[in-house]
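Hi everyone, thanks for making time for this. I'd like to walk you through one structure, so please have a look at it on the screen.

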Amino acid sequence: MIVVMKCEASISQVSAVIKGIEELGFKAHPSKGAERTIIGVIGSNRTVSLEALSDLPGVEQIVHIAKPFKLVNREFKPADTVISINGVTIGGLEAVVMAGPCAVESRDQLLKAAHAVKDAGAKILRGGAFKPRTSPYDFQGLGESGLELLAEARKETGLAVVTEVMTPSDVSLVASYADILQVGARNMQNYSLLEAVGRAGRPVLLKRGMMSTIEELLMSAEYIFSAGNSEVMVCERGIRTFERYTRNTLDISAIPVIKKYSHLPVIVDPSHSTGDRAFVRSASCAAIAAGADGLIVEVHPSPETALCDGPQSLRIPEFAEMMTQLEAIAAAIGRRIGK
Ligand code: PEP
Ligand code: MN
């Protein structure tokens with residue numbers, strides 16, 4: 001349910017409604033829009049009726065939200081969520097490119113990649129220090145020393161940093177280095193991790209599980225919101241289908257669908273969705289044309305020697321060329337991207 005307040009409702013009327021909601025045993029989540037305040041009513045007590053709230057002064061109407069996700073629902077908050085990180089705005093007019101290697105491997109590799117992606121117009125540096133690998137024998141990431149290198153690259157370039165956190169016990173460590181906490185596809189339904197990043201006080205990039213529906217993705221975002229963090233962007237990174245000529249299948253329609261049903265920024269990962277650098281540019285162009293709020297792209301100074309995901313990593317000149325093309329596509333739909 002949401003309680004829609006009248007445009008002219010006073011602060012004390014809003015407070016009285018919040019108190020009324022809490023007295024009935026529910027949680028109240030007020031959201032102040034440009035014109036009016038709406039208050040999300042969260043809780044599972046079906047025996048209590050909220051109808052009495054409609055008689056309180058300042059209440060315009062009570063609306064039932066049919067979908068199971070409430071706080072991330074566009075009905076609850078009609079305006080797009082916009083997240084600001086070190087002067088970069090995600091979810092606004094500009095589509096934001098996050099780029100860098102799959103994994104932080106060395107100081108030289110990371111700094112080369114960071115300077116190159118910045119010069120080409122990326123605004124955020126990606127790089128994994130804790131890597132979720134299918135095989136326990138593969139490179140697992142540099143851990144905290146990888147986070148230190150990311151912090152050094154941020155200092156040198158001014159780029160904000162997005163990096164993955166894999167377990168609840170690492171959240172405060174990763175949050176002490178990262179500007180954005182990434183929750184990977186394999187952890188999309190790790191509910192204790194979702195609650196931990198919900199309490200971390202950092203924006204979250206939540207990736208869609210490879211076998212998850214859009215509704216399940218939005219329910220996971222709802223976990224982060226309900227733990228107190230409303231700075232969440234979701235990421236379409238391809239889902240598993242019968243197709244084998246790409247690593248996953250990029251669900252382009254997820255972009256308008258998520259934007260219809262929720263107010264969250266949508267980021268697209270053209271690298272893990274295609275699994276092959278030959279297809280990354282087409283997937284990126286399609287994502288920006290379809291209204292994505294940003295991309296997260298793997299770029300490596302020498303993909304042949306990469307310890308992780310070399311075949312899908314763009315070479316630096318390829319990334320720079322792609323950015324030029326994306327500028328034209330963004331301009332065609334009234335947005336900006338890049339430098
Ligand atoms: C990544 O972005 O580093 C990653 C592991 O991606 P995903 O979780 O989408 O597989
Ligand atoms: Mn990768």
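**A metal, a ligand and some lone cysteines**

Let's begin with the manganese ion, ligand 2: its donors follow the spacing C-x169-H-x25-E-x10-D along the chain. Before going further, please keep in mind that this is a predicted model.

Which residues stand behind those four letters? The protein donors are Cys-102 through SG, His-272 through NE2, Glu-298 through OE and Asp-309 through OD. They lie 2.0 to 2.4 Å from the manganese ion.

Now look at where two of them sit in the chain. Cys-102 belongs to the loop between β7 (94-100) and α2 (107-119), while His-272 is in helix α8, residues 270-274. The two are 170 residues apart, so this pair links distant parts of the chain. Are Cys-102 and His-272 buried or exposed? Both of them are buried.

His-272 also takes us to our next stop, as it is one of the residues surrounding ligand 1. Others in that surrounding group include Glu-164, Lys-207 and Arg-237, along with Pro-132, Gly-184 and Ala-185.

Let's pick out some polar contacts here. The side chain of Arg-126 has an N or O atom 2.8 Å from an oxygen atom of ligand 1. For Gln-182, a side-chain N or O atom is 2.9 Å from an oxygen atom of the ligand. Arg-186 joins in too, with a polar side-chain atom 2.8 Å from a ligand oxygen. How much of ligand 1 does the protein cover? On its own, ligand 1 has 290 Å² of accessible area, and the protein covers 97% of that.

Back to cysteines for a moment. How many disulfides does a search of the whole structure find? It finds zero. Take Cys-235: its closest cysteine sulfur is the one in Cys-102, our manganese donor. That sulfur is 13 Å away, and a disulfide needs the two sulfurs within 2.5 Å, so the distance is too far for a bond. Cys-285 is in no disulfide either, with the nearest cysteine sulfur, that of Cys-235, 17 Å away. As for their surroundings, Cys-235 counts as buried because its relative accessibility is 0%. Cys-285 is buried as well, with a relative accessible area of 11%.

Finally, let's zoom out. The domain assignment gives domain 1, covering 2-63, and domain 2, covering 83-337. Taken over C-alpha atoms, the centres of domain 1 and domain 2 are 36 Å apart.

Definitions and conventions: Residues numbered from 1 in each chain as written. Chains lettered and ligands numbered in written order. Predicted model: local features only at pLDDT ≥ 70, side-chain atom pairs only at ≥ 80, totals over all residues. Heavy atoms only, no water. Domains from an automatic or database assignment. Buried < 20%, exposed > 50% of the residue type's maximum accessible area, 1.4 Å probe, protein only. Donors = N, O, S within 2.8 Å, 3.2 Å for Na, K, Ca; no water. Helix = DSSP H or I, 4+ residues; strand = E, 2+ residues; numbered from the N terminus. Near = heavy atom within 4 Å. Polar contact = N/O pair within 3.5 Å; in protein donor to acceptor, adjacent residues only side chain to side chain. Areas by Shrake-Rupley, 256 points an atom, 1.4 Å probe, with all protein chains shown as cover.
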